[in-house]
Amino acid sequence: MRQIEVTVPGESVCAGTAAAFWEKPEDLPAGKASYRVLLNGELAEETSACSSVFKDLAPDTDYAVSVYCREAEDGDAPDAGAAAEGREDSTRSASLFRGLFGKKKHPAEAGAQYSTGFHTPPRAEYLSIVNFGAVGDGREKDTEAIQRAVNACRPWQVLHIPAGRWISGAVFLKSDLTLCLDEGAVLEGSPDPADYPVQEEAGGKHYAGLLNACPGAGERFSEIRIVGSGTIEGNGAALGLAELRQRAGMRGSILSIRNTDGFFLEGVTLREAPGWCIRLAGCTRTTILAVRIENLHRADGRLIGVPNNEGIDVSCCRDLRILRSRIESGDDGIAVRTGSTVVKPADITDAANTEATENIRISDCTFADGFGVTCGSGKAGIIRDVRVARCTYTDAFSIVSIKGCRGRGNKMEDITAEDCSLVNRNPAYRDCKWFRGAVNVDLFYGTADEERNLTAWQRPGADTPEVRHLTFRNLSIQTEGGRAIFLCGLPERHLTGIHLENIRAESRQGMAVENTDDLSIRALQLTVAGESEE
């Protein structure tokens, strides 16, 4: 076993709960890693995922987390030597715990031991929306009572939505707020667009979401947490179509979180948004963990029937983790964009980085329907350092789709998809201008076949997209729609630095490469119409 570096983001540490994250060592083969997670020197979990959640933690207490990677073959039991090594690791971790906190040593100074310390907050006070007049009978609107409770909640309190069906219009959150949806709690959005004020934003007018973090002009929020095992339903079949008919602004979301530093979402189910389910803009230090997004079907299984209903939409965000979540969407599962003007975080001094979306980690997630993870299609800006790992796609159309076109000017670089599998038997989409393959990189995105001219050079400018340094490795693909791999740059700006490694794919159309330089291929096996090509 070897110890690997682990992170416990501050936004994940709340009353009784914390979460730890790490990345698979790059030299490990696909599917060969499992991890032993120690909390204060005691075994907390053995997992093949790259994250762990700690529950029922004591308040006002120091903890230390250590993670060790086991490199044996799948199914192999550790031998006596490995078991002894694990006991040694536990002893070392306990010793390090004492070093981290007994000597007031900061975790970052632990050196090669790679353990991380955190401290839980004092015992939280319980506060319920019932104390502020909420009824929860599934008929009466509780918007005002819930808003009063939010306004009254203090940082050392946890605001609970207890079991019941609570009808609400838009509620506006604030800094230092922890909102917990208890088991059996359903927060249901009102179907009336009048309950969601239209807000003026840099990108145009938007209906407010059901739960909103919307700082005032020039301000930022911090440390907002939404946790629990309850459900938030957006009533999208009724509300989304009503907002489309009214046309006072872009449709709202279930969660609309803007210009917030430190947002944590864990455990809840989000269902039936009127538009995009979760909308994040201008945020830093965001963790989304073990959530379910059901944005294609109603609770009774019928289709919602509203278009462009993305799961998670990310714009101009930094340091974002989406882990162990299930996302069902009729459009993009997770859309990574740029181009929305936001309030610059205090630690960004470079004005150009205000429009960047960077350091994005998506791992151990399951996607159903829709287009998996997409990058681009927004306005000018930079998307960089995006990693999609150990995700599973069922009847979804693509693992990663990188989309650009003349006139938008995105720069997208250092994007990796690895250790992922896709099985698509869904006949809904074939090769078209919006979708070309399970691995899809297209700088003619949205251009019909008859309008694509792969040799007509145009002078590059600020609005010419640029895509470089992409890695796709350890992928398993079986798809009925589109190609297995589609790579297409512009004649005036080729794709550069594309690496394909250890990919096994079955598809009807195989692979297409146009306007691409510095393409590296290693261990690629394509089966096209029943014939294998290597």
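## Terms and overview

Ala, Val, Leu, Ile, Met, Phe, Trp, Tyr, Cys and Pro count here as nonpolar. Asp, Glu, Lys and Arg count as charged, and the others, Gly among them, as polar. These classes are used below for a pocket lining.

This is a predicted model. The chain holds 43 strands and 3 helices. It has 534 residues, and 58% of them count as buried. Take the contacts between residues at least 6 apart in sequence: 72% of these join residues at least 24 apart. The exposed area of the chain is about 21400 Å². Carbon and sulfur atoms supply 46% of that area.

## Strand β23 and its two partners

Strand β23 covers residues 278–281. Its side chains split into two sets: I278 and L280 point one way, R279 and A281 the other. All four of these residues are buried. In a regular strand the side chains alternate between the two faces of the sheet.

β23 pairs with β20 (residues 255–258) through 4 bridges, and the two run parallel. It also pairs with β26 (residues 312–315), again parallel and through 4 bridges. A281 takes part in both pairings. R258 stands opposite A281, and S315 in β26 is also a bridge partner of A281.

## Strand β36

Strand β36 spans residues 410–424. Of its 15 residues, 11 are buried, so the strand is largely enclosed by the rest of the structure.

Three parallel pairings involve β36. With β33 (residues 381–389) there are 8 bridges, and R387 has T416 of β36 as its bridge partner. With β34 (residues 392–394) there are 3 bridges, and T392 stands opposite S421. With β38 (residues 466–479) there are 12 bridges. In that pairing, L422 is matched with I477 of β38.

## The second largest pocket

The second largest pocket encloses about 480 Å³ of space. Its lining has 28 residues. Which residues lie nearest its centre? They are W22, E23, K24, R387 and E418. R387 is also the residue whose bridge partner in β36 is T416.

Several strands contribute to the lining. β27 (318–323), β30 (356–363), β33 and β38 each supply at least two residues. By class, the lining divides into 12 nonpolar, 12 charged and 4 polar residues.

## Helix α3

Helix α3 runs over residues 236–246. Its buried residues are G236, A237, L239, G240, A242 and E243. These buried residues pack against β16 (204–207). An α-helix has 3.6 residues a turn, so residues three or four places apart point the same way. Just after α3, R247 takes a positive phi of about 60 degrees.

## Positive phi in two loops

Most residues other than glycine have a negative phi. R324 is not a glycine, yet its phi is positive, at about 50 degrees. R324 sits in the loop between β27 and β28 (326–329).

D395 is another non-glycine residue with a positive phi, near 50 degrees. D395 sits in the loop between β34 and β35 (400–403).

Are these residues buried, exposed or partly exposed? Buried means under 20% relative accessible area, and exposed means over 50%. R324 has 27%, so it is partly exposed. D395 also has 27%, so it too is partly exposed.

Note on methods. Residues numbered from 1 in each chain as written. Predicted model: local features only at pLDDT ≥ 70, side-chain atom pairs only at ≥ 80, totals over all residues. Heavy atoms only, no water. Buried < 20%, exposed > 50% of the residue type's maximum accessible area, 1.4 Å probe, protein only. Contact = heavy atoms within 4.5 Å. Areas by Shrake-Rupley, 256 points an atom, 1.4 Å probe, with all protein chains shown as cover. Pairing = 2+ DSSP bridges. 1 Å grid on protein atoms, 1.4 Å probe; cavity = no way out; pocket = protein on both sides within 12 Å on 5 of 7 lines; lining within 4 Å. Points joined across faces, edges and corners; volume = space filled by probe spheres on them.
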